[in-house]
Amino acid sequence: MTFDPNDTAAADSGIFGLPFNAENSLLQMIPVPWEVTTSYGDGASRGPRAILRASHQVDLFDLETGDVYKNGYYMIDPPEQIEAWNKEFKAKAQRVLESIEDGSIDNDKEALRLQDEINKKSEQVNQWVYEQAKRIQSESRFAAVIGGDHSTPYGLIRATAEKFDGNFGILHVDAHADLRDAYQGYRHSHASIMFNVMEELKPKALVQVGIRDFSPGEFEYIESNPRVHTFFDQVLKRRQHRGDSWQKICDDIVAKLPENVHISFDIDGLTPDLCPGTGTPVPGGLSFDQALTLFATVVESGRRIVSFDLNEVAEPEEPVSDWDGNVGARLLFKLCGWTLVSNGFNPSRGRDA
Ligand SMILES: [Mn+2]
């Protein structure tokens, strides 16, 4: 393979400028350009392409994960069919939203019909993601999802739940609890992902970090469910103000996780300056370095990252900069590296080294 990691990536090269494909990559990313149930800002459907473009700027050698990327990272081409569905169904969702906002939804037959149509299409998207993840995992490779809004990783988490027969947990970094039992009539809403995961896929634990926006119902769900451990952002900040180190806090977070971990990372779990384009930004949140220390702590504890998703990285239609994609790509590179290292792949001896 003629590939020099010191070179500048060609514009048409793969994720991170790497030359891998579906056959020779150990970790494969499934881009899901879907954000039909988003209720506020838009742009998450353009996340995969924004990350792909910005990823060419990421230098490959990493202090913590070395050259483990040599085992191969590959992102499937963003599926044009889902991009087309996204466009078509976002217009329908807009019609539904108008009916919800003027309070006429209960008697609005057309809006109810559209809601139903959107629910069915969401299931189709989930099924597509599930089939991709199943195929990748059955080939003994690692699968990841790049959203899209936070509804997009459901199919991947389902595949992981099956692979480990329920013996897995979720590390969920987010500003939002995402524990609503449907939202705006959408069963597969971005705001319901962790409720659906808990009720249908039944992980051993859901460990939430950075949560600072939630409804009374979600708070009740957290309080009454012994499998949910929520590290509210406010509590994390108070602990730090009182002198607890971030490392001590990470140790406490990781202690709640079982051995096999799926990381579900909503970019708005970070401080808003790191994701200015995201749909529902909330003040507060983790710094970039705090997120990296959290990943490192998971791996150093001996736990395995078995799959992950990165979602809600957004880009406006006419981007003023590639900042959102840039932060997303760098976070993604760390997630990829730690996934392989946590599964015993030695950074200094990659497949092609
Ligand atoms: Mn969120």
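**Entry 1: strand E4**

I started with strand E4 and looked at its two faces: Gly169, Leu171 and Val173 lie on one side, Ile170 and His172 on the other, and all are buried. I keep in mind that this is a predicted model. Five of the five residues of E4 are buried, so the strand is largely enclosed by the rest of the structure. The pattern of faces fits a textbook reminder I jotted down: in a regular strand, side chains alternate between the two faces of the sheet.

**Entry 2: the partners of E4**

Which strands pair with E4? I found E7 (residues 260–266), parallel to E4 (residues 169–173) over five bridges. I also found E5 (residues 205–211), again in the parallel sense and over five bridges. Isoleucine 170 was a handy anchor for me: its bridge partner in E7 is histidine 262, and in E5 it stands opposite leucine 206.

**Entry 3: the whole sheet**

Next I zoomed out. I traced eight strands in an open sheet with parallel pairing, in the order E2-E1-E3-E8-E7-E4-E5-E6. At the edges I noted E2 (73–75) and E6 (228–232), each pairing on one side only. On average, I get 15 degrees of turn between neighbouring strands, direction ignored. I then checked helix H10 (residues 323–342), which packs on this sheet and touches E1 (27–32), E2, E3 (142–147), E7 and E8 (304–311). The direction of H10 makes about 165 degrees with that of E8.

**Entry 4: helices H8 and H9**

How do the axes of H8 and H9 cross? I have helix H8 (residues 246–255) and helix H9 (residues 288–300) coming within 9 Å, at roughly 50 degrees. That angle makes H8 oblique to H9. I logged the crossing as right-handed. On the H8 side I listed Trp246, Gln247, Cys250, Asp251, Ile253 and Val254, which meet Gln290, Thr293, Leu294, Thr297 and Val298 in H9. Sorted by class, the contact has six nonpolar, four polar and one charged residues.

**Entry 5: alanine 93**

Last, I picked a single residue, alanine 93, in helix H2 (residues 80–101). Is alanine 93 buried or exposed? I count 22 C-beta neighbours inside 10 Å, so alanine 93 is buried, the cut-off being 20 or more. Leaving aside neighbours within four places in sequence, I see alanine 93 in contact with Val36, Thr37 and Ile118. I also looked up alanine 191, which is 98 residues from alanine 93 along the chain, and the two C-alpha atoms are separated by 15 Å.

Terms used: Residues are numbered from 1 along each chain as its sequence is written. This is a predicted model: local features need pLDDT of at least 70, side-chain atom pairs count only at pLDDT 80 or more; totals for chains, interfaces and linings use all residues. Two strands pair if DSSP finds at least two bridges between them. Helices (H or I, at least four residues) and strands (E, at least two) are DSSP runs, numbered from the N terminus. Axes are lines fitted to C-alpha atoms, for helices over the stretch in contact, and angles run from 0 to 180 degrees between N-to-C directions. Two residues are in contact if their C-beta atoms, placed from the backbone, lie within 7 Å. Angles under 35 degrees count as roughly parallel, over 145 as roughly antiparallel, 65 to 115 as roughly perpendicular and the rest as oblique. A crossing is left-handed if the near helix is turned anticlockwise from the far one by less than a right angle, and right-handed if clockwise. Ala, Val, Leu, Ile, Met, Phe, Trp, Tyr, Cys and Pro count as nonpolar, Asp, Glu, Lys and Arg as charged, and the others, Gly among them, as polar. A residue is buried if 20 or more other C-beta atoms lie within 10 Å of its own, exposed if 12 or fewer, and partly exposed in between; C-beta atoms are placed from the backbone.
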